[in-house]
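Let's take a stroll through a protein chain together. Keep the picture open beside the text and look for each piece as we get to it.

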Amino acid sequence: MSSLELTPLHPLFAAEARGIDITQPLSPSEVKQINAAMNRYAVLVWRGQPLTGQQQIDFAKAFGPLDLGLKKVFKRPERLEDERLIDISNVDAEGKVARRDSPKNLSNFANQLWHSDSSFQNPRAAYSMLHALVLPSWGGNTEFADLRAAYDALPERTRSEIESLCAEHYALHTRILLGDEAYTDDQKKAIPPAVWPLVQTHPGSGRKLLFVGVHAREIIGWPVAEGRMFLSDLLEHATRREFVYTHEWQVGDLVMWDNRSTLHRGRRYDIGERRELRRTTIEDVPEATLMAA
């Protein structure tokens, strides 16, 4: 039986994982070991993984059904062989580096805002797995913020204030924020807004967390302007540098994170240089296999 080995990468969370061959089907024991590590660290880094697209899908499926996210809205031509593989790249459907003003790059810019994958829908995302294939000569790191540590560090007054508050998360909020308003009514309605409590308890670790992110556009029951300013303050707190792990990509890395307890954002790079990563994401649903025991 394979045994998971973990090396912490940050004082609060994130660890490098070894000892389990994730290119092969996982045993129930291996799934539980990985879940236990995710409950503790929330971000796992697997180096040097020669994963095919199908192997990445198979790895993700060991934890639950896959999520298509914004593909439900855009319905654009895709270059990857399976719609369950989400193309995190600056490459168009013809395989060429996309124009600077392309819809593909708009998505890349939106990914540079602090967010949790698919928080704009119900069910939301649980785990995401991002695999690096081609990297630019500089930039393009991914940063992760620990929402559990962020909650722990809140002043008692703020904890009391947010205890019963909920925020509405909307799929196109980040796109509209970045100046893209060319959506049809059908696209705007494709994913109805989702409402989530600001304070949650992570089911695997039992720790409380501050569930914020750029998809959150208002606090239920508050004036929009007041809610957005408070959400901005909470997001600023949640992404303080002491809560952040920065991942410097190497080709072959697979980084796995829990969207229920972390935020992440991509960092700037030369979008004229080719960058290719592919993501799989699983839904936070009852049939998912997310518990350690």
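Where does valine 251 lie? You'll find valine 251 in the loop between β12 (244-247) and β13 (254-258). Before we go further, keep in mind that this is a predicted model. Is valine 251 buried or exposed? Valine 251 has a relative accessible area of 56%, and since anything over 50% counts as exposed, valine 251 is exposed. Still, it has some company from elsewhere in the chain: leaving out residues up to four places away in sequence, valine 251 touches Ala132, Leu133 and Leu135. Take leucine 135, which is 116 residues apart from valine 251 along the chain, yet their C-alpha atoms are separated by 6.8 Å.

For a contrast, hop over to another loop. Aspartate 180 is found between α7 (173-177) and α8 (185-190). Aspartate 180 is buried, because its relative accessible area is 18% and the cut-off for buried is under 20%. Aspartate 180 touches Leu106 and Arg175, if you don't count residues up to four places away in sequence.

Now for the helices. Start with α1 (28-41). Does its length fit what you'd expect, or not? At 1.5 Å a residue, the 14 residues of α1 should span 20 Å, and the end C-alpha atoms are 20 Å apart, so the two agree. The buried residues of α1 are Glu30, Val31, Ile34, Asn35, Ala37, Met38, Asn39 and Tyr41. Just after α1 comes alanine 42, with a positive phi of about 70°.

Next up is α2, residues 53-61. Which of its residues are buried? They are Gly53, Gln56, Ile57, Phe59 and Ala60. These residues cover an arc of only 160° around the axis, which means they sit on the same side of α2. And what covers them? The cover includes α1, β5 (125-134), β13 and β15 (276-283).

That brings us to the inside of the protein. In soluble globular proteins, nonpolar side chains tend to be buried together. Here, the largest nonpolar core has 30 residues, and those with the most contacts inside it are Ile34, Leu44, Trp46, Phe59, Phe63 and Met256. At least two residues of this core come from each of β2 (15-18), α1, β3 (43-46), α2, β5 and β13. The helix α1 gives the most, with 5 residues. To get a feel for the packing, click on methionine 256: leaving aside neighbours within four places in sequence, its contacts include Ile34, Leu44, Trp46, Phe59 and Phe63. There is also a second, separate core of 28 residues, and among its members are Ala167, Leu198, Ala216 and Ala238.

Let's look at a strand we've already met, β15. In β15, 8 of the 8 residues are buried, so this strand is largely enclosed by the rest of the structure. In a regular strand the side chains alternate between the two faces of the sheet. You can follow this along β15: Glu276, Arg278, Thr280 and Ile282 point one way, while Leu277, Arg279, Thr281 and Glu283 point the other way. The strand has antiparallel partners, including β4 (residues 86-89), joined to β15 by 4 bridges, and β5, joined to β15 by 7 bridges. In these pairings, aspartate 87 stands opposite arginine 278, and leucine 130 stands opposite arginine 279.

Two more sheets round off the tour. One is an open sheet of 3 strands in the order β12-β6-β14, with antiparallel pairing. Here β12 and β14 (262-266) stand at the edges with a single partner strand each, so one side of each has no neighbour in the sheet. Neighbouring strands of this sheet are turned by 20° against each other on average, direction ignored. Between β6 (residues 142-146) and β14 there are 5 bridges, and aspartate 146 has threonine 262 of β14 as its bridge partner.

The other open sheet also has 3 strands with antiparallel pairing, in the order β8-β7-β11. This time β8 (194-197) and β11 (216-219) are the edge strands, each with a single partner, so one side of each is left without a neighbour in the sheet. Neighbouring strands here are turned by 35° against each other on average, direction ignored. Helix α9 (residues 224-238) packs on this sheet, touching β7 and β11, and its direction makes about 120° with that of β11.

Notes
Residues are numbered from 1 along each chain as its sequence is written. This is a predicted model: local features need pLDDT of at least 70, side-chain atom pairs count only at pLDDT 80 or more; totals for chains, interfaces and linings use all residues. Side-chain values use heavy atoms; hydrogens and water are left out. Buried means under 20% relative accessible area, exposed over 50%, partly exposed in between (1.4 Å probe, protein chains only). Contact means heavy atoms within 4.5 Å. The arc is that of the directions from the helix axis to the C-beta atoms. The expected span of a helix is 1.5 Å times one less than its number of residues. Two strands pair if DSSP finds at least two bridges between them. Axes are lines fitted to C-alpha atoms, for helices over the stretch in contact, and angles run from 0 to 180 degrees between N-to-C directions. A nonpolar core is a set of buried Ala, Val, Leu, Ile, Met, Phe, Trp, Tyr and Cys residues joined through side-chain atoms within 4.5 Å.
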